[in-house]
Amino acid sequence: MTITQGSELNETNIGDSVDAVLRQHAEQQYAEELAELAKIDTRQRPPNWQLSPWAVRTYLMGGKLENGFEISPKYVGNARLIEIAVATLATDRALLLYGVPGTAKSWVSEHLAAAITGDSTLLVQGTAGTDENSIRYGWNYARLLAEGPSKNALVVSPMMHAMQEGKLARIEELTRIPSEVQDTLITILSEKTLPIPELNTEVQARKGFNVIATANNRDKGVNELSSALTRRFNTVILPLPATMEEEIAIVSRRVDSLGKALEIPVEKPALEEIRRVVTIFRELRNGVTVEGTTKVKVPSGTLSTAEAISVINSGLAMAGYYGDGELRASDLAAGLIGAIVKDPVQDRIVWLEYLQTVVKGRRDWKDFYRACNEVLTPQ
Ligand SMILES: Nc1ncnc2c1ncn2[C@@H]1O[C@H](COP(=O)(O)OP(=O)(O)O)[C@@H](O)[C@H]1O
Ligand SMILES: [Mg+2]
């Protein structure tokens, strides 16, 4: 509940159980895990943290607690990266999660905020249109005109809220925000205060306050961080999954939980279909087949794990609503091509070549080859 004014707006869902919500916040979805962790967590917590850094790491990486309770892994990959990220948040430096799209930057940011402060909703979405007000504070103009500048007329931003409560503020896609607006963060991060000159006052951050930002290296050069700002962040680079098995594990886990949330009437996808989609993604991303024998051209778009997840997911919807409830190659083909062919001319050539040189030759991929050809008949 972050809206302070006009709060009826925020209450439209009241009476609905949290299960009716399309996408729950991490702290809602994993409330039980967080509570179990808090129960057994006797290690020292930084001021105002809900859990110790040890417990936050366990929440992210998964594991079995002494009492037998199972914590599901949220991030699949190098635990050291998560440790660095968590440790950073306990210092006076902010955290910047950096990497190619779809490497779980937003996902990790949400789960870190959920585990550390129990609130992942203090979010500023970075866009070219993000202005200073969305990072500092705005005004309720009706009140401002009627009463003049007053505390009541102030519209608190998620950042200000996080400072007041000693929580974590999240900034998504920091490098999309215009440079002069980004610089608003410098005072916040170095002085830990937010001046409000109109009221001749300031908000001083409570202990526990920090910022998690994400940035995409595809946006590099759009609005690069100034060096003054860079110095205030510790950067953790999230890589693409190192191995095929790791990537398959990520995709199956996410597809499973998304499928449940959307209540699609379909069988659990066969691991074989997931393996095929992940294989195609990895081969096109790396420019070479998994056997290492054939070079393939690389398409223009990003083929991240996140896209693989949505390809399988839309395949499941096709199978559930138009197919026989079992995921088949024909359910996947359209989504797969949609993900790969982003440029209708160049990527199409890349894809057709891949179909001929790789897919066609694989003995147990005949159904796949046929399905893809049906969707993409040569012009
Ligand atoms: N290493 C990983 N571990 C767990 N989930 C991952 C991993 N990589 C990608 N994902 C999944 O990919 C999806 C997209 O990630 P997201 O955080 O939106 O990417 P971005 O890096 O672009 O912010 C999430 O649903 C997340 O679960
Ligand atoms: Mg993101």
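**Reading the site of ligand 1**

The space taken by ligand 1 is the largest pocket in this predicted model.

Me: Which residues are the closest to ligand 1, and how many surround it?

Reply: Count a residue as near when one of its heavy atoms lies within 4 Å of the ligand. Here 15 residues surround ligand 1, and the closest are V76, G102, K105, S106 and W107. By class, that shell has eight nonpolar, four polar and three charged residues.

Me: Where does the protein make polar contacts with ligand 1?

Reply: Look for pairs of N or O atoms within 3.5 Å. A side-chain N or O atom of K105 is 2.6 Å from an oxygen atom of ligand 1. The backbone takes part as well: a backbone N or O atom of V76 lies 2.8 Å from a nitrogen atom of the ligand, and one of A104 lies 3.2 Å from an oxygen atom of ligand 1.

Me: How much of ligand 1 does the protein bury?

Reply: Start from the ligand on its own. Taken alone, ligand 1 exposes 560 Å², and the protein buries 85% of that.

Me: Which helices each supply at least two residues of the shell, and where does ligand 1 lie relative to the domains?

Reply: The helices are α5 (105–117), α12 (244–262) and α14 (305–321). For the domains, check which of them give residues to the shell. Both domain 1 (18–237) and domain 2 (244–376) do, so ligand 1 lies between them.

Terms used: Residues are numbered from 1 along each chain as its sequence is written. Chains are lettered from A and ligands numbered from 1 in the order in which they are written. This is a predicted model: local features need pLDDT of at least 70, side-chain atom pairs count only at pLDDT 80 or more; totals for chains, interfaces and linings use all residues. Side-chain values use heavy atoms; hydrogens and water are left out. A polar contact is a pair of N or O atoms within 3.5 Å; within protein, one must be able to donate a hydrogen and the other to accept it, and residues adjacent in sequence count only if both atoms are side-chain atoms. Accessible areas come from the Shrake-Rupley method with a 1.4 Å probe; for residues, only the protein chains shown count as cover. On a 1 Å grid over the protein atoms alone, a cavity is a set of points where a 1.4 Å probe fits but cannot get out, and a pocket is an open set with protein on both sides within 12 Å along at least five of seven lines; lining residues have an atom within 4 Å of a point. A molecule sits in a cavity or pocket if more than half of its atoms lie within 2 Å of its grid points. Helices (H or I, at least four residues) and strands (E, at least two) are DSSP runs, numbered from the N terminus. Ala, Val, Leu, Ile, Met, Phe, Trp, Tyr, Cys and Pro count as nonpolar, Asp, Glu, Lys and Arg as charged, and the others, Gly among them, as polar. Domain bounds come from an automatic or database domain assignment.
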